[in-house]
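Biologist: I'm new to this one. Could you show it to me, and then we'll talk about the empty spaces in it?

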Amino acid sequence: MMRRIRFNGTGSGEGGCPSVHEDLDSNEIIVHGPPLTDPDDIAQLRHLSEGEVPIVVPRELLVDFGPKEVTRVPRIIDLDAFGQLFENFEHTAWRLETRRRYASDEETGTYAQFVRGEAPTWDLGTPWSLTIKAKTTGGASVGRVRIVDSPATEGQRYLLAHADKNAALGEDIRNLSRADADRLGLPAEDFWIFDSRLVALLNFDADDNFTDVELITEPAEVIRYSMVRDTAMHDAVPYQEFATKEQ
């Protein structure tokens, strides 16, 4: 059976070596790097079995990028603690939005306006709005990539309209088609990544209600989500351009 292998991180070698990968089924760690070739060095190795090849990796590769737990114990925070992350980040906050529906959107007055065919009246004075505006005005970067189906769901079309408010607060809003997201292998996860060091994985129940957040700080996992961000940003287009194509 073919292994399901995930890249976890790269050390200080050239050309992406040495590197650490993880077998998602067996939890085995796979390391590759430059081989140890000096016969005198090899002669000092113990327990080198037939068919095994010694390789050299820097110590910090295993310390920084190797998974720390066979089974990660989720660190869950509530929505109030999640809100504090936006007060405390320093440089960047970025989100991937992959869902077809967000129940919380449908409870807003602006959603009701949108469904009636009216132009929503956005409130730029909410606590969330003021926090984001203060961050972007102060030089921080806030952005999102939103995945959109074909045809777009009603909730996704609402978010295309909502992007006007996000942009007014200084956010960089981009969109990507579901087909392109699948082609790129993006995960079906909603998350924020703060300052490229902390990931907030958003959890939802069966009725699309936002329930709680898992905090992820393990370097290997943060790097993986950073790679997802970079991949999504490379192919996503500004929301105005995407909306024009959808019409």
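Biologist: Which helix or strand gives the largest share of the lining of the largest pocket?

Modeller: That's α3, with five residues. Keep in mind that this is a predicted model.

Biologist: What makes α3 (79-88) a helix here?

Modeller: A helix needs a DSSP run of at least four residues, and α3 covers 79-88, so α3 qualifies. Other contributors of at least two lining residues include α5 (127-137), β6 (141-148) and α6 (154-168).

Biologist: Why is Arg 95 called a lining residue of the largest pocket?

Modeller: Lining residues have an atom within 4 Å of a point of the pocket. Arg 95 is one of the 26 residues that line the largest pocket, so Arg 95 has such an atom. Along with Ser 104, Asp 105, Trp 128 and Arg 144, Arg 95 is among the closest to the pocket's centre. The pocket itself has about 830 Å³ of space.

Biologist: How do you know which lining residues count as charged?

Modeller: Asp, Glu, Lys and Arg count as charged. The pocket lining has eight charged residues, next to twelve nonpolar and six polar.

Biologist: Why is the space lined by Tyr 102 and Leu 159, among others, called a cavity and not a pocket?

Modeller: A 1.4 Å probe fits in a cavity but cannot get out, whereas a pocket is open. The space beside Tyr 102 and Leu 159 is the largest cavity, so a probe there is shut in. Its volume is about 40 Å³, and the structure holds one cavity of 30 Å³ or more. β6 gives the largest share of that lining, three residues.

Note on methods. Residues numbered from 1 in each chain as written. Predicted model: local features only at pLDDT ≥ 70, side-chain atom pairs only at ≥ 80, totals over all residues. Heavy atoms only, no water. 1 Å grid on protein atoms, 1.4 Å probe; cavity = no way out; pocket = protein on both sides within 12 Å on 5 of 7 lines; lining within 4 Å. Points joined across faces, edges and corners; volume = space filled by probe spheres on them.
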